[in-house]
Amino acid sequence: MEMRSDIEIAQQTTLLPITEIAKAAGIDEKYLEQYGRNKAKIDLSFLRETQRENGKLILVTAINPTPAGEGKTTTSVGLADGLSAIGKKAAVALREPSLGPVFGVKGGAAGGGYAQVVPMEDINLHFTGDFHAIGAANNLLAAMIDNHIYQGNALGIDPRKITWKRCVDMNDRQLRFVTDGLGGRTNGVPREDGYDITVASEVMAVLCLASDMADLKERLSRLIVGYTYGKVSEQKPVTAGDLHAQGAMAALLKDALKPNLVQTLEHTPAIVHGGPFANIAHGCNSVTATKMALKIADYCVTEAGFGADLGAEKFLDIKCRMSGLRPNAVVIVATVRALKHNGGVEKAKLGEENLEALRAGLPNLLRHVGNITNVYGLPCVVALNEFPTDTEAELALVREECAKLGVNVVLSQVWAKGGEGGKALAEEVVRLCEQPSHFSFAYELEGSIEDKINTIVRRIYGGKGAVLTAAAAKQARQLEEMGYGQCPVCMAKTQYSLTDDPTKLGAPEDFEVTVRNLKISAGAGFIVALTGEIMTMPGLPKVPAAERIDVDDEGRITGLF
């Protein structure tokens, strides 16, 4: 087979008009708002008015990411096409890519090879403008905060206690800490400030968890932007509602709230909407997108960001808890190469057979498998993305170790063969969806904030527990006194390790996770626990993907992959 880049494959594929995709999915044209020929938004009234029963929900997650690559989005798309190939009515629900990773490390996040959502250039770059709307709403609130202070500060906001940051959808480390309002009184009030990447904005989390416009406005009104002057015991939170900002913010988000309909290379319906990062936010596409996909298909495939310790944990403990969604089956994606990397093999030698390293790296996969089956009580399959360098002995070892946990391993060939290469995985997923499950959360909401964090570290990461710094312990007490003690916890942690140290690969034991900061996302409804060196504004790598991206005189983009 001739090797072609992802973007070449996408550009040489004939797309169906989005109206045809919608018709096949049972979406009447009256619910569509078209953005050109190949993409459209779906009005939220579709969810209210459809009488169709929900299909089965399949969650795709993965081992901790490595430089070797795992292929979670590619597997999600290929599985949906594989389900279609075996005669099932399928759909896939995915997150929208952030421009930060697109121009930073990834160069694109719409799948790969013959398992992509298209038009991939649009999806990766500006799409339907959702992220721009989220950034505008976030920054409108920031402007209203500083204007309120400038205009007399009737609410008594302490500029030193403002927690709301501006945002931009780009990896830009220069903006992590800034001082603004300089240049004299007419140019604002000087203060220390900073930027988050848009996908870390709480507005993104709110949009992805909101069920409709009324819920969106209610959540926006609860956003805490800072605190008033006074002693700690006297300080009161200031909200977007106090600033009367929620209406204007919702107006900016009116269209962004509606999920986007596109298609895979094989014309399977794909709903792509929302995109909070899983290492610094809850890492799932929107609740409305998932619910719409469940209404248009008998099998809905969705993914959660990064490894199962982050994305899947938050999907199950936050998104499912808030939405009532329950997966029927879980797919954990891995590669032999990535498992050998977890076993200590450097990237240049991952193509060589190394059973010893593979055995050393397998505990990472087995920890995630055990969490899904034992902690959450869900049926599970391991999707092993095929590489030409994989040997029969290596594949047999992975199958053998997973079989000890009662879990099958299926070789996935969707990158090279599309839906045809996903048939075996689709058959196993259909079988699992009929198996009994006993879903439960990893933790209950009763108890202290520290109790919930400790439970996550012990049950999901496999560590001894959490250590809260003095500042974090104080924040925990304050949040509990404010009435937020019963919220779920969103762990902000490195994606590269089960610990808070990105260099500790495999499945470490007897470790502690240090929580250095706690903050309430009152609109989203969860507490964010920041661990290790995690940052809400990433930086570009030494050689960013942006250096390889270009566009020719005919408007054809190159370099996305």
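Two parts count as being in contact here when heavy atoms of one lie within 4.5 Å of heavy atoms of the other. Keep that in mind as you click around, and remember that this is a predicted model.

**Stop 1: a helix across a sheet**

Select residues 449-461, which make up helix α18. This helix lies across β19, β20, β21 and β22, and runs at about 140° to β19. Now colour those four strands. They form an open sheet in the order β19-β21-β22-β20, with mixed pairing. Which strands stand at the edges? They are β19 (465-468) and β20 (489-492), and each has a single partner strand, so one side of each is left without a neighbour in the sheet. Turn the view a little: neighbouring strands here are turned by 40° against each other on average, ignoring direction.

Zoom in on β21 (residues 512-521) and β22 (residues 526-531). These two run antiparallel and are joined by six bridges. To see one partnership, pick I520, whose bridge partner in β22 is I527.

Before you leave this area, show the side chains of K493 and Y461. K493 lies over the face of Y461, at 4.8 Å from the ring centre.

**Stop 2: an enclosed strand**

Next, select residues 380-385, strand β17. Is this strand largely enclosed or left open? Six of its six residues are buried, so β17 is largely enclosed by the rest of the structure. Here's a handy bit of background: in a regular strand the side chains alternate between the two faces of the sheet. Check it with sticks on: C380, V382 and L384 point one way from β17, while V381, A383 and N385 point the other way.

Now add the neighbours. Strand β16 (residues 329-334) pairs with β17 in the parallel sense over five bridges, and V333 stands opposite A383. Strand β18 (residues 408-412) also pairs with β17 in the parallel sense, again over five bridges. There, look for V382 opposite V409.

**Stop 3: ring hunting**

How many aromatic pairs does a search of the whole structure find? It finds three. Start with Y31 and F46: their ring centres are 5.4 Å apart and their planes are at 75°, so this pair is edge-to-face. Y31 lies in the loop between α2 (18-25) and β1 (32-34), and F46 is in helix α3 (residues 45-49), so the pair ties together parts that are 15 residues apart in sequence. Both Y31 and F46 are buried.

Then jump to F439 and F441, another edge-to-face pair, with 5.3 Å from centre to centre and 80° between the planes. Add Y376 to your selection, and you'll have a cluster of Y376, F439 and F441 linked by ring pairs. F441 is buried, with a relative accessible area of 16%. Show R321 as well: it lies over the face of F441, at 4.2 Å from the ring centre.

**Stop 4: two more helices**

Select L220 in helix α9 (residues 213-221). L220 is buried, with a relative accessible area of 0%. What does L220 touch, leaving aside residues up to four places away in sequence? The answer is V206, A240, Q246, M249, A250 and L253. Measure from L220 to A137, too: they are 83 residues apart in sequence, but 9.9 Å apart in space, C-alpha to C-alpha.

Finish with helix α7, residues 130-150. Its 21 residues reach 30 Å from the first C-alpha to the last, close to the 30 Å expected at 1.5 Å a residue. After α7 comes G152, whose phi is positive, near 130°.

Key
Residues numbered from 1 in each chain as written. Predicted model: local features only at pLDDT ≥ 70, side-chain atom pairs only at ≥ 80, totals over all residues. Heavy atoms only, no water. Expected span 1.5 Å × (residues − 1). Pairing = 2+ DSSP bridges. Axes fitted to C-alpha atoms, helices over the stretch in contact; angles between N-to-C directions. Phe/Tyr/Trp six-rings, centres within 6.5 Å; stacked < 30°, edge-to-face > 60°. Buried < 20%, exposed > 50% of the residue type's maximum accessible area, 1.4 Å probe, protein only. Lys NZ or Arg CZ within 6 Å of the ring centre and 35° of its normal.
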